[in-house]
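Please open the structure in your viewer and keep the selection tool at hand. The tour below moves from one selection to the next and says what is there.

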Amino acid sequence: MRRGRRPRVRQAYEPPRGDGMVESRLSVIEGDITRQLVDAVVNAANPDLRPGGGVAGAIHRAAGPELWEECRGLGGCATGEAKITKGYGLPAAWVIHTVGPVWQGGEKGEDSSLASCYRSVLEIASARGLGSVAFPAISTGAYGFPPERAVRIAVREAAACLGKNPVPERVVFVCFGAGMAVRYRAALAELP
């Protein structure tokens with residue numbers, strides 16, 4: 001692959017299963033979250049909403065410097081909460097920033113903080129009438145949250161929120177690798 005050229009990735013769209021149930025509104029793909037054709041992408045942000053590394057760095061690079069300019073005016077974001085900005089250079093019109101918890105062994109409220117991230121993002125999406133949202137695996141990178149545990153929380157919270165609201169119509173879990181995609185698909189298969 002030549003330097004500077006992006007690999008082709010599958011887009012977020014998967015045909016609806018037609019049953020109208022919550023499960024049909026949830027999907028999993030492997031790909032680059034910055035290239036998803038959705039109304040909003042979710043940024044696994046740091047408390048200052050700075051570009052940083054990982055997902056936050058990728059989103060800021062793809063969106064351009066205007067994203068950081070807008071983020072600077074938001075006054076940061078607390079763990080478990082979310083804030084929305086424009087998407088600028090991204091295919092998505094919006095970025096919803098949320099700050100996941102740093103894993104500290106599981107006894108410091110990490111599960112409830114992570115669950116709050118998903119609820120906060122989906123509350124914003126619902127209030128804005130956004131039809132589709134793409135999530136990364138929040139807190140599973142540098143913040144060290146155990147992936148299996150994080151995935152179960154993500155799927156449970158997204159399903160619960162979709163069960164109460166008609167929008168967003170579609171939630172996509174965007175996975176950087178096949179291993180994480182397998183975890184999400186297994187968690188989706190376990191939904192009641």
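Begin by selecting the strands of this predicted model, where six of them form an open sheet whose order is β1-β6-β5-β2-β4-β3 and whose pairing is mixed. At the edges you will find β1 (26-30) and β3 (82-86), each of which pairs on one side only. If you look along the sheet, neighbouring strands are turned against each other by 25° on average, direction ignored.

Next, select residues 40-45 and 94-99, which are strands β2 and β4, and see that they pair in the parallel sense over six bridges. Within this pairing, alanine 40 has tryptophan 94 of β4 as its bridge partner. Keep tryptophan 94 selected and add arginine 128, whose charged end sits over the ring of tryptophan 94, 5.0 Å from its centre.

Now turn to the helices that pack on the sheet. Helix α1 (residues 54-63) touches β2 and β4, and its direction makes about 130° with that of β2, whereas helix α5 (residues 178-189) touches β1 and β6 (170-175), with its direction at about 165° to that of β1.

The last stop concerns aromatic rings, of which the structure holds four pairs. Select phenylalanine 173 and tyrosine 184, a stacked pair with 4.7 Å centre to centre and 20° between the planes; phenylalanine 173 lies in strand β6 and tyrosine 184 in helix α5, 11 residues apart. Are these two residues buried or exposed? Phenylalanine 173 counts as buried because its relative accessibility is 0%, and tyrosine 184 counts as buried because its value is 1%. Finally, add Tyr118 and Phe135, which form one aromatic cluster with Phe173 and Tyr184.

Conventions. Residues are numbered from 1 along each chain as its sequence is written. This is a predicted model: local features need pLDDT of at least 70, side-chain atom pairs count only at pLDDT 80 or more; totals for chains, interfaces and linings use all residues. Side-chain values use heavy atoms; hydrogens and water are left out. Two strands pair if DSSP finds at least two bridges between them. Helices (H or I, at least four residues) and strands (E, at least two) are DSSP runs, numbered from the N terminus. Axes are lines fitted to C-alpha atoms, for helices over the stretch in contact, and angles run from 0 to 180 degrees between N-to-C directions. Contact means heavy atoms within 4.5 Å. Rings of Phe, Tyr and Trp (its six-membered ring) pair if their centres lie within 6.5 Å; planes under 30 degrees apart count as stacked, over 60 as edge-to-face and the rest as tilted. Buried means under 20% relative accessible area, exposed over 50%, partly exposed in between (1.4 Å probe, protein chains only). A charge sits over a ring if NZ of Lys or CZ of Arg is within 6 Å of the ring centre and within 35 degrees of the ring normal.
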